[in-house]
Amino acid sequence: SALYVLPPGFVESGCRSRIFWMRLNKLLLHGKFFQLEINDPYAGSILLDEKLASRCGYVLSEDVWGNPIFRASVLGCHVVNEADELFSLTVNIKVSSFSSMRAAVTYIYPMHCSYSSWASREIVCEENYMEVSVRTDVPAVSNDYTVAWMSALPEIQNVAYQQWQLVFVSPSGRKRIMVSDAAKLGYSFNNTLSRVYLRAPYHSNESDISVVSGVTMNMVTSTSMYRQRWLLLLIDTTVSCPVDGISFTDTALTWTVPSVIPTLVVQESTFLSKSILMGVDGQVIADPGEKNYLLEHNKTHIRITVPIGAEGGKLKSSLSGGIYGIIYSIDLFLEHTWIDAEWQTTKYTVIKSITTPFMPQIPTVTNNTLPEERLFNVAFGHFLPDVSLVAIAIGNVPFTLREAQRHGFKIYETLFSNRMKGFILEVSFDDPYVLKEYLNRNETKYTLLVNYTLSVGPEMIPYYHSAEVECVIADIELPEAVGSCDEENLYLTIPTFGLHQYWNLYLGNKLLTRHIVLTHGYFAATNSTHLILQIPLFAAGVIYEEVSFQKIQARFDVALRKVRTMETLQTFSVSCNFNSSSFISKLYKLPINRKVCDSFLEFITNSLIFSVCHPDGTVMVSAQMKTVPAIDMSKTKLRDSSCKPKEYNEGHAFFKFHVTSCGTSVRFEGDHIIYENEISYEKETLSRESIPTITRDPDYRLTVLCYYRAKETLVLGPFTSDPSISPPFGSGAMVPRSNIAVHRRIRQALNVVSRVSKDESFVEFYEPNSAILKRQMEPVFLEVELKDRSPSVELYLENCWVTGSLAFNSTPRWNITVDGQVFIERQMYS
């Protein structure tokens with residue numbers, strides 16, 4: 001491969017204490033592959049791999065920003081050492097566009113470090129290896145305190161002449177090997193001009209695990225031995241490094257290292273801590289408090305606490321199971337210097353790259369909507385800078401950001417003081433993709449359904465989040481109707497805005513459609529803003545509040561109901577008084593022309609009537625009966641002769657009675673109930689001065705009929721109903737009737753069934769033999785049905801009572817009707 005000059009800014013290097021340090025710029029490696037080679041002055045280029053790295057004192061990793069990092073011990077393999085003070089290492093950086101590294105570009109990069117402030121013993125705990133170096137001018141090993149050293153003495157005679165040997169002590173026993181064999185086990189042992197060092201991988205066969213002050217330590221206990229003439233050199237090359245001690249909370253990470261490690265301090269009573277330094281990314285932090293780090297220590301522990309997100313570390317977005325979260329990474333190191341009687345000075349350095357577990361950060365959707373501006377304002381966050389908004393969907397309709405801006409949505413980023421960011425979305429209430437729902441009398445609920453698509457991290461992993469934002473405002477004006485009347489009609493003028501979109505008009509329980517308008521004889525006209533409804537005085541649906549000789553007081557109601565729920569919001573009513581005399585002649589006109597046989601005198605009777613059947617069973621009849629000769633209207637009556645007209649004059653009589661009184665009869669025809677009474681004037685002999693005598697024969701009679709649908713049965717007595725929800729009026733009519741005698745029917749046993757309705761509609765009924773609980777003064781809706789359909793049978797409810805059991809004669813009993821009249825006993829409700 002060819003050799004090239006390094007691009008500017010590609011490599012940054014330096015010496016961090018006794019460590020070579022080099023960083024490559026990931027931006028210049030984007031989309032490329034690279035390898036590192038160690039350039040040995042004697043052996044040539046050696047490819048750096050994982051096994052070589054741990055044995056030779058190299059580390060190849062990434063910093064928290066993703067840049068490749070290379071670190072090397074100054075005592076590492078292939079390092080040129082000049083008097084233990086000047087150190088040189090040359091690295092080949094190979095870059096290729098192919099994973100096979102063909103056509104690679106090679107950059108040769110030499111590094112130089114000077115380090116002369118060696119302590120008697122220096123221990124380095126790197127990410128992938130442990131290293132201990134000892135000055136060789138230390139006095140020979142004393143056997144006063146350490147059993148391990150004592151156990152080595154019997155083997156002195158076996159130590160090879162002028163060769164270094166190693167003795168490992170582990171739970172499996174002692175193992176003695178030659179230095180030449182140490183490399184085969186993953187160790188590296190060598191000596192320099194003034195020092196001996198041992199480098200070991202973590203968790204080797206000769207290592208041991210122990211717990212010191214709650215921290216798990218990996219330890220290699222070894223003695224290095226060298227014999228030359230009369231000299232026997234025994235050096236303790238034991239090394240121990242922490243392998244855990246990391247804990248996390250939602251806001252901080254804590255790294256704990258023991259203050260005193262027994263295997264490294266023989267005489268704890270002589271232990272004295274001289275200095276404790278912490279650093280980030282290989283740089284010592286002089287004042288940790290300035291960066292919100294906390295460095296604490298006591299006799300047993302050294303503890304470093306770093307807030308999540310603190311300077312020097314990096315927050316990174318991540319996804320786990322489709323959930324967004326963050327990971328915080330920081331490269332820490334700890335340098336602890338102490339003295340004791342055995343070693344004078346020990347410098348203990350631990351390098352630790354710490355990454356927190358995945359911390360879920362569910363994004364928040366903040367509704368900053370401005371109702372007065374009819375504008376949704378939705379904030380979505382908080383995210384790290386490595387998150388980008390890619391697309392949105394409004395109401396399940398997808399938009400790229402460009403399409404969204406073109407449609408009229410406003411989308412922009414907002415930055416927060418904690419280096420986080422969010423996204424702001426603005427959408428008009430009136431946008432067609434906003435859902436609108438009419439709620440109450442005058443309120444609309446606007447709903448914005450948003451689906452966000454984001455790109456997370458440098459890997460650009462897609463992340464989806466949906467949100468629903470609602471706003472309810474009173475922005476609908478309920479229509480107000482205007483009523484008026486002329487001589488023959490009632491009028492309602494109703495605004496058409498919102499009709500059929502939010503509301504419908506109802507006549508009773510029927511939707512006011514074009515068909516209803518036509519079949520009921522109404523006239524409807526519309527313009528761009530209003531509906532004008534014309535209702536003739538005698539059309540169906542008109543309510544007659546008062547009928548007398550002088551006036552007819554009529555009312556027409558239209559209910560405004562919600563389209564979806566059928567809830568009645570408002571009732572539009574127009575009520576007017578009409579002159580009765582103007583209409584009497586326009587109603588039913590029933591001429592009866594009869595010739596009296598004896599006198600050949602033409603006798604004419606004209607009956608002009610107006611009747612109303614109310615839903616509560618009240619009947620009002622205004623009758624004009626012109627006879628020749630005239631009759632006394634005060635003597636007219638109903639079937640019950642005690643029921644006289646309420647008002648009368650020479651030619652008119654006005655009756656008002658209830659269908660349960662005045663001798664009114666009832667019968668069923670199909671799905672109708674018909675109530676019947678009659679207005680009569682008894683036969684009268686007219687005296688004349690001469691013969692012959694004139695009589696009125698037959699008796700004068702007018703039949704009054706009221707028709708009600710069976711499903712709209714009248715609620716009688718105390719079971720009154722709300723007029724606003726009462727069924728439409730029954731239809732009334734009068735017909736002349738001859739004087740035919742009515743035969744009383746013979747009493748017989750009939751098929752009669754009674755049921756209790758759940759309400760006044762008589763549509764839903766309680767199950768037979770079930771208990772029914774009623775509060776005091778709460779109405780009971782009772783229906784009695786005659787199953788016998790013989791035309792000669794009529795049903796009169798005389799006596800009705802309630803008992804505590806199914807037995808007919810059981811006691812106590814509470815009367816409901818007595819002799820056909822509603823009867824309420826207070827004890828019934830006790």
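A residue is taken as buried when its relative accessible area is under 20%. The structure is a predicted model, and the burial of its bonded cysteines is described here on that basis.

With a cut-off of 2.5 Å between cysteine sulfur atoms, the model contains 6 disulfides. A disulfide is a covalent bond between the sulfur atoms of two cysteines. When the bonded cysteines of the chain are numbered in sequence order, the pairing reads 1-4, 2-3, 5-6, 7-8, 9-12, 10-11. Three of these links are treated in turn below.

One disulfide connects Cys56 with Cys77, at an S to S distance of 2.4 Å. The torsion about the S-S bond of Cys56 and Cys77 is about -85°, and the disulfide is therefore left-handed. Cys56 belongs to helix H1 (residues 50-56), whereas Cys77 sits in the loop between strand E7 (68-73) and strand E8 (80-82), so the pair ties together parts that are 21 residues apart in sequence. Cys77 has a relative accessible area of 14% and is therefore buried. Cys56 is also buried, with a relative accessible area of 1%.

A second link is formed by Cys125 and Cys241, whose sulfur atoms are 1.9 Å apart. The angle about the S-S bond of Cys125 and Cys241 is -85°, and this link is left-handed. Cys125 is found in strand E11 (residues 121-125) and Cys241 in strand E20 (residues 239-242), so the disulfide ties together parts that are 116 residues apart in sequence. Both Cys125 and Cys241 are buried.

The third link described here runs from Cys613 to Cys706, with an S to S distance of 1.8 Å. The link of Cys613 and Cys706 is left-handed, with -80° about the S-S bond. Strand E50 (residues 602-613) carries Cys613 and strand E58 (residues 700-709) carries Cys706, so parts that are 93 residues apart in sequence are tied together by the pair. Cys613 is buried at a relative accessible area of 1%, and Cys706 is buried at 2%. Another cysteine, Cys471, has a relative accessibility of 9% and therefore counts as buried.

The strand pairing was examined next. Strands of a sheet pair through backbone hydrogen bonds, either parallel or antiparallel. An open sheet of 4 strands follows the order E21-E22-E26-E25, and its pairing is antiparallel. Strand E21 (246-248) and strand E25 (294-297) are the edge strands, each pairing on one side only. From one strand to the next, the twist averages 20°. Within this order, strand E22 (residues 252-258) and strand E26 (residues 301-307) pair in the antiparallel sense over 7 bridges. Trp255 has Ile304 in E26 as its bridge partner.

The surroundings of one loop residue were also examined. Leu439 is placed in the loop between strand E37 (435-438) and strand E38 (444-456). Leaving aside residues up to four places away in sequence, Leu439 touches Lys445, Val472 and Lys562. Leu439 and Ile473 are 34 residues apart along the chain, and their C-alpha atoms are separated by 9.7 Å.

Definitions and conventions
Residues are numbered from 1 along each chain as its sequence is written. This is a predicted model: local features need pLDDT of at least 70, side-chain atom pairs count only at pLDDT 80 or more; totals for chains, interfaces and linings use all residues. Side-chain values use heavy atoms; hydrogens and water are left out. Helices (H or I, at least four residues) and strands (E, at least two) are DSSP runs, numbered from the N terminus. Buried means under 20% relative accessible area, exposed over 50%, partly exposed in between (1.4 Å probe, protein chains only). Two strands pair if DSSP finds at least two bridges between them. Axes are lines fitted to C-alpha atoms, for helices over the stretch in contact, and angles run from 0 to 180 degrees between N-to-C directions. Contact means heavy atoms within 4.5 Å.
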